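Work through the exercises below with the sequence and the 3D view open. Try each task before reading its solution.

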Amino acid sequence: MDKLLITGGRTLSGSLRVSGAKNSALKILAGTLLTDEAVSIGNVPHLHDVTTMIELLGCLGAEVVVDEKMRVEVAARELNSLKAPYELVKTMRASFVVLGPLLARFGRAEVSLPGGCAIGARPVDQHLKGLAALGADIEVEEGYVRASRQGRLTGADITFDLVTVGGTENILMAATLAEGITRIHNAAREPEIVDLANFLNAMGARVSGQGTDTIMVEGVERLHGCSFDVMPDRVEAGTYLIAAAATGGSVRLTDAAPGTLGAVLEKLEQSGASVERTETTLSLDMHGRRPRAVDIETDVYPGFPTDMQAQYLAMNAVAEGTSRVTETIFENRFMHVQEINRLGARIELQNASTAIVHGVERLKAAPVMATDLRASFSLVVAALVAEGTTLIDRIYHIDRGYETIEEKLSLLGADVQRVR
Ligand code: UD1
């Protein structure tokens, strides 16, 4: 199993290109199932989760061609299966979003209940409630969701009980081919939803209101092929900004989408960073200073993203002062705390959703273990500032979501090596 060896103490500095957004690419790839024409997707990140989704599309019978620049062409003309098996869905929760497109186009689908990161219960009740409102018959049996519908789905008004990114995406995709109008109330407003809606519109869908909490979809009879480029990954961008800031360094990001990072940039400025942005670039400079402790509370977009909580917490661990980090989206997303404490941090879990971080002047290397995707990068941040060489085990979690991590970190001057 691959591990990362990181020798800390270097100040990161340099320039990086931001990859395409994982969380957008995965849903857009699932969306290609909505048409029988070829769809070409550019700026797809080369990640393990993307490979899993491509594998799933292939297993359903879609033809998938990937070129050397990670442009992915999918032609889901006729499928030979409408079943997303446990073996694939268990490794990646995002694959559950094939349910909406399959059901909408073929009137039937069987998708395993999901797995993914171990960060809480993460049920799919809202997805199922939404599909039922569109007229689907749903059964949950033997770990599978079986959904069916004679004829087209029918548009409906759907109000989610809570804001769900995946649920919004599943219903949004299903509604594109439904008969009549669907309104999704209390919809997620994440930029990845906007990207998905723009992609669906490029295929001929009629989606409006994306980016607000009410999305309207006028169903059409069929969708067609298109060419679409995935948006920049805001979580990757934010993660490298935090990593550079934690070391007192500087970084310039290109091909970024600064407009999607408002809450994170605001916090970084409070931590002492100077941040400059243009339409597509972001530059951060800590001027060699130690970060100041800053309170963080995660929230749905445009609030502070839960996917950057762990990384910010790691920076707060070496910041000047004490901070409070509150997680409001997932109920079990502090597994990184005890690992960061192994490096000498002083983080107390006040309760399941609040950590009190007493900033220490230095951390010291120790072997640690990655527990979930974003938490893994918090260990990288901690290792980058720790004295000595930290061994991070189980980095397959990182490879699910961060493209060429050791190359990108090396470009910024980090001492990092992958070992087997
Ligand atoms: C997506 C992102 C993930 C991010 C999360 C929140 C992808 C692949 N993953 O995950 O990186 O951390 O959004 O921004 O895009 N919930 C229910 N019932 C449901 C659905 C969700 O109770 O039917 C709960 C979940 O347990 C969780 C909360 O709602 O506590 C948010 O989940 P959701 O927004 O659906 O996250 P994902 O789409 O799984």
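**Exercise 1. Which helices each supply at least two residues of the shell around the ligand, and how many residues surround the ligand?**

Solution. The model is predicted.
- Step 1: Start with the helices. Helix 1 (22-31), helix 5 (125-133) and helix 6 (165-176) each supply at least two shell residues.
- Step 2: Rank the contributions. Helix 5 gives the most, with 3 residues.
- Step 3: Count the shell. The ligand is surrounded by 20 residues. Asp 125, Gln 126, Thr 164, Asp 307 and Ile 329 are the closest.
- Step 4: Sort the shell by chemistry. There are 8 nonpolar, 6 polar and 6 charged residues.

**Exercise 2. How far is an oxygen atom of the ligand from a polar side-chain atom of Lys 27? Treat Asn 23 and Arg 93 likewise, then find how much of the ligand the protein covers.**

Solution. Polar contacts here are N or O pairs within 3.5 Å.
- Step 1: Take Lys 27. A polar atom of its side chain lies 2.8 Å from a ligand oxygen.
- Step 2: Take Asn 23. An N or O atom in its side chain is 3.1 Å from an oxygen of the ligand.
- Step 3: Take Arg 93. Here a side-chain N or O atom is 2.8 Å from a ligand oxygen.
- Step 4: Turn to the area. On its own, the ligand has 740 Å² of accessible area, and the protein covers 87% of it.

**Exercise 3. In what order do the strands of the open sheet that contains strand 18 run, and why is one side of strand 18 left without a neighbour?**

Solution.
- Step 1: Write the order. The 4 strands follow 18-19-21-20, with mixed pairing.
- Step 2: Find the edges. Strand 18 (296-297) and strand 20 (346-351) each have a single partner strand, so one side of each has no neighbour in the sheet.
- Step 3: Check the parallel part. Strand 18 runs parallel to strand 19 (residues 322-326), joined by 2 bridges. Within this pair, Glu 297 is opposite Thr 326.
- Step 4: Check the antiparallel part. Strand 20 and strand 21 share 5 bridges in the antiparallel sense. A hairpin of 2 residues connects them, and Asn 351 has Thr 354 as its bridge partner.
- Step 5: Add the helix. Helix 10 (residues 309-317) lies across strand 18, strand 19, strand 20 and strand 21 (354-358), at about 30° to strand 21.

**Exercise 4. Where is Pro 302 found, and which residue does a cis peptide bond join to Pro 302? Then place Glu 142.**

Solution.
- Step 1: Locate Pro 302. It is in the loop between strand 18 and helix 10.
- Step 2: Read omega. The peptide bond between Tyr 301 and Pro 302 is cis, with omega about 10°.
- Step 3: Move to Glu 142. This residue is in the loop between strand 8 (137-141) and strand 9 (144-148).
- Step 4: Read phi. Glu 142 is not a glycine, yet its phi is positive, about 50°.

**Exercise 5. Which strands are the edge strands of the sheet 23-25-1-26, and which strands does helix 12 touch?**

Solution.
- Step 1: Describe the sheet. It is open, has 4 strands and is mixed in pairing.
- Step 2: Name the edges. Strand 23 (368-369) and strand 26 (415-419) each pair on one side only.
- Step 3: Inspect one pair. Strand 23 and strand 25 (residues 389-393) run parallel over 2 bridges. Val 368 stands opposite Ile 392 in strand 25.
- Step 4: Place the helix. Helix 12 (residues 373-385) packs on this sheet and touches strand 1 (3-7), strand 23 and strand 25. Its direction makes about 30° with that of strand 1.

Definitions and conventions
Residues numbered from 1 in each chain as written. Predicted model: local features only at pLDDT ≥ 70, side-chain atom pairs only at ≥ 80, totals over all residues. Heavy atoms only, no water. Pairing = 2+ DSSP bridges. Contact = heavy atoms within 4.5 Å. Axes fitted to C-alpha atoms, helices over the stretch in contact; angles between N-to-C directions. Near = heavy atom within 4 Å. Polar contact = N/O pair within 3.5 Å; in protein donor to acceptor, adjacent residues only side chain to side chain. Areas by Shrake-Rupley, 256 points an atom, 1.4 Å probe, with all protein chains shown as cover. Nonpolar A, V, L, I, M, F, W, Y, C, P; charged D, E, K, R; others polar.
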